[in-house]
Amino acid sequence: MSEAVSTLDGWWSLHLLYNVDWTALRLLDEAEQDALISELQAFLDKQQAVQDEKNGSYAFYNITGQKADLLLWLLRPTVDELNALELEFNKLQISEFLMPSYSYVSVVEMSSYLAKDSDEDPYENPYVKSRLYPDLPKSQYICFYPMDKKRDGDDNWYMLPMEERQKLMRDHGMIGRSYAGKIKQYITGSQGLDKYEWGVTLLSDDMLEFKKIIYEMRFDETSARYGVFGDFYVGVHIPNDQLDLLFK
Ligand code: VOV
């Protein structure tokens, strides 16, 4: 049996994607629309306050294309908190006008493929902490997609010896590092939690960088041979105080 890599696990993660029922929303009068938008803004402002206190993080994006209109990404220390937060969102007035299009449950994850031997508790390391409990920036663009590592005949990631996977992850990391300063990547693990094995969420101020990195990685063995991908969702940031522009 190949050896499983150990992981460091951080905040729980929930990606919620919705389509908006624009026709029904338009039938509300101005005051009703304002009330609904104010309530949503208060909810998002509360998420910002939690993020400022470093007890979680969030992101809110307008998805481009018809697969969804909104992506709300929530991070919390426990799955119970995340679950309660989803219920709270479902009880907002805006939810009456939202049709779920996709959701993804996972945990922020760092694998130990490239970890150096050390006696230090990794959970106390400032760099590791910043990765596991991220303070999500308000980047202009998001790219989110779920993925698997292939288990198909000879192309079976899970049957590769540890040393081989380490080498492949090192090559993967080298490509990733060449996008430092352009893209922030967040890997969330979802084995046993959702259909795919990982969620990949990328943030950038240049949407084209998503295409560049994903294309470049396609030629790297980790993705070329072993990557299996779900749908890609890309979108534009919505500041909390600009919800009017979106909904009215
Ligand atoms: C800025 C881009 C960037 C950078 C720097 C980066 C680096 C790294 C490192 C160093 C490591 C290993 C240690 C860890 O932290 O886990 C990883 C891990 C991982 N990655 Fe990555 N990745 C990036 C970007 C990046 C992208 C664009 C993708 C999607 C692949 C593609 O073809 O679309 C991806 C996938 C993953 C996955 C699924 C894992 C977990 C695999 C596992 O088997 O455990 N990743 N990644």
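In which helix is Arg131 found? Arg131 sits in helix α4, residues 126–132. The views below come from a predicted model.

**View 1. The shell around the ligand.** In this predicted model, 22 residues surround the ligand. The closest are Ser111, Gly173, Gly176, Met217 and Ser223. Elements giving two or more residues to this shell are β4 (98–111), β5 (141–149), α5 (162–177), β8 (183–189), β9 (198–204) and α6 (208–218). Helix α5 provides the largest share, five residues. By class, the shell has 13 nonpolar, seven polar and two charged residues.

**View 2. Positions listed by UniProt as "binding site".** The unreviewed entry lists Arg131, Tyr145, Pro146, Met147, Asp148, Lys149, His172, Gln185 and Ser223. Arg131 counts as partly exposed because it has 17 C-beta neighbours inside 10 Å.

**View 3. Ser223 in helix α7.** Helix α7 covers residues 221–224 and holds Ser223. Ser223 has 20 C-beta neighbours inside 10 Å, so it counts as buried. Leaving aside neighbours within four places in sequence, Ser223 is in contact with Met217 and Arg218. Ser223 and Met217 are also among the closest residues to the ligand.

**View 4. Helix α2 and its surroundings.** Helix α2 runs over residues 30–52. At 1.5 Å a residue, its 23 residues should span 33 Å; the end C-alpha atoms are 32 Å apart, which agrees. Leu36, Leu40 and Gln47 are buried in α2. An α-helix has 3.6 residues a turn, so residues three or four places apart point the same way. The cover over the buried residues of α2 includes β2 (57–63) and α8 (243–247). Just after α2, Lys54 takes a positive phi of about 60°.

Methods:
Residues are numbered from 1 along each chain as its sequence is written. This is a predicted model: local features need pLDDT of at least 70, side-chain atom pairs count only at pLDDT 80 or more; totals for chains, interfaces and linings use all residues. A residue is near a molecule or strand if its C-beta atom, placed from the backbone, lies within 6 Å of it. Helices (H or I, at least four residues) and strands (E, at least two) are DSSP runs, numbered from the N terminus. Ala, Val, Leu, Ile, Met, Phe, Trp, Tyr, Cys and Pro count as nonpolar, Asp, Glu, Lys and Arg as charged, and the others, Gly among them, as polar. The expected span of a helix is 1.5 Å times one less than its number of residues. A residue is buried if 20 or more other C-beta atoms lie within 10 Å of its own, exposed if 12 or fewer, and partly exposed in between; C-beta atoms are placed from the backbone. Two residues are in contact if their C-beta atoms, placed from the backbone, lie within 7 Å. UniProt positions are given in the numbering used here, feature names are shortened, and annotations may be inferred rather than shown by experiment.
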